[in-house]
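Let's take a tour of a protein structure, going from its inside to its surface. Have the sequence and the 3D view open as you read.

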Amino acid sequence: MPFEADDIPEKSGQVSTIWKTLQAALAIVLFVFCLGVMFGAGSAGFERGAITPGIVITIAIALVIAAACGWWVMRLDLFGSDANPLASSTKKSRLILWLSTAFGVVIGIIMGVNGVLSGSPYGLFSNDAVPAGIAIALIASWVIFIPLIAIAWHRTIDEHEALANGAGAIAGIYAYLVITPVWWMGERAGLFPPQQPMIVFSLVIVVFSIVWLHKRA
Amino acid sequence: MKNRLKVLRAERDWSQAELAVQLDVSRQAVNAIETGKHDPSLPLAFRISRLFDMPIEEIFHDEG
């Protein structure tokens, strides 16, 4: 059979990719929110010294929604079906992607747990103080891990992925060029709250991810 | 740039994924080339040419 089901539809592919990317972004945001709810509820129980039924129910609901978000992202199949054979370069690039994701998850867990233990349950999403030791360890991880991952990634990806990555990077730069001065000027006029670097970072990453995933499809 | 990649692939009963494995690129790259969204680099074009055992000009057509 010349054209198999795994061939990407030509006409509707672009629109469905944008829609799938937006769904993935929403699912990830909802997933992170659920993580925050779980940490917050757990922290509340820790502070009270007792786990109430309400806390258990809250954590359970957040866990179910988080799991549903994970299933939702898996179903979107943004990176193609694993049932198809994969080129060795594609396997390597996906492994690097998963390693990067795992690195981020580990950092998130460390920050979240540290937040709970220090009485700041939403520490992952705030600018609260962190112990110097943890900060130094995380800084060292970023400074060492990110460049190594980036070098390995760019040596592994094919030209199509490189172009999509480049397009996403340029879109991210332009997003930063707009968001940062706009927020800065608005803050100076009293229109906006003080600029938060991690919010700017998150917005840039979202823009980069949307363009990257759209271009690579 | 128009190309006959999809036709050549179909003649050999290869899926996009199978062709991608032989060219050591992603399936999305093969689809992007077939649909004209991406023009392959020279090294990749030569790999495609060697794979199908025909000149590049018989596979890719410059619309200009």
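A nonpolar core is a set of buried Ala, Val, Leu, Ile, Met, Phe, Trp, Tyr and Cys residues joined through side-chain atoms within 4.5 Å. Keep in mind, too, that what you're looking at is a predicted model.

**Inside chain B**

The largest nonpolar core has 18 residues, and the ones that touch the most other members are L19(B), V25(B), I48(B), F52(B), I59(B) and F60(B). Two or more residues of this core come from each of these helices of chain B: α1 (5-11), α2 (16-23), α3 (27-34), α4 (42-52) and α5 (56-59). The largest share belongs to α4(B), with four residues.

Let's zoom in on one of those well-connected members. Leaving aside residues up to four places away in sequence, L19(B) touches L5(B), R9(B), W14(B), V30(B), E34(B), L51(B) and F52(B). Remember R9(B) and E34(B), two of the residues that L19(B) touches.

Now step back to the whole chain. Chain B has five helices and two strands, and along the sequence they follow the pattern β-α-α-α-α-α-β. Of its 64 residues, 52% are buried. If you take the contacts in chain B with a separation of 6 or more, 54% of them are between residues 24 or more positions apart. On the outside, chain B exposes about 3,200 Å², and carbon and sulfur atoms supply 50% of that.

**Charged pairs**

Side chains of opposite charge can pair when their charged atoms come close. Over all chains, the structure holds three salt bridges. Here they are:

| Salt bridge | N to O distance |
|---|---|
| R216(A) and E161(A) | 2.8 Å |
| R9(B) and E34(B) | 2.5 Å |
| R12(B) and E11(B) | 3.7 Å |

What does the salt bridge between E34(B) and R9(B) tie together? E34(B) lies in helix α3 of chain B and R9(B) in helix α1 of chain B, so the pair joins parts that are 25 residues apart in sequence. Buried means under 20% relative accessible area, so E34(B) counts as buried at 11%, and R9(B), with a relative accessible area of 0%, is buried as well.

The pair of R12(B) and E11(B) has another setting. R12(B) counts as partly exposed at 30% relative accessibility, while E11(B) is exposed, with a relative accessible area of 55%.

**Over to chain A**

The remaining salt bridge links distant parts of chain A: R216(A) is in helix α6 (residues 197-216) and E161(A) is in helix α5, 55 residues apart. Are these two buried or exposed? Both R216(A) and E161(A) are buried, with E161(A) at 5% relative accessibility. Not counting residues up to four places away in sequence, E161(A) touches W153(A), W212(A) and R216(A).

W153(A) is worth a second look. Together with L138(A), I149(A) and T156(A), W153(A) is buried in α4(A). As for the length of this helix, 25 residues (132-156) at 1.5 Å a residue should span 36 Å, and the end C-alpha atoms are 36 Å apart, which agrees.

Finally, look at the surface. I170(A), I173(A), Y174(A), L177(A), V178(A), V182(A), L191(A) and F192(A) make a nonpolar surface patch of about 820 Å². One of these residues, L177(A), is found in helix α5 (residues 159-188) of chain A, and E161(A) has its place in helix α5 of chain A too.

Methods
Residues numbered from 1 in each chain as written. Chains lettered and ligands numbered in written order. Predicted model: local features only at pLDDT ≥ 70, side-chain atom pairs only at ≥ 80, totals over all residues. Heavy atoms only, no water. Expected span 1.5 Å × (residues − 1). Buried < 20%, exposed > 50% of the residue type's maximum accessible area, 1.4 Å probe, protein only. Patch = residues over 30% accessible without salt bridge, like charges linked within 9 Å, V, L, I, M, F, W, Y side chains within 5 Å. Areas by Shrake-Rupley, 256 points an atom, 1.4 Å probe, with all protein chains shown as cover. Salt bridge = Lys/Arg side-chain N within 4 Å of Asp/Glu carboxyl O. Contact = heavy atoms within 4.5 Å.
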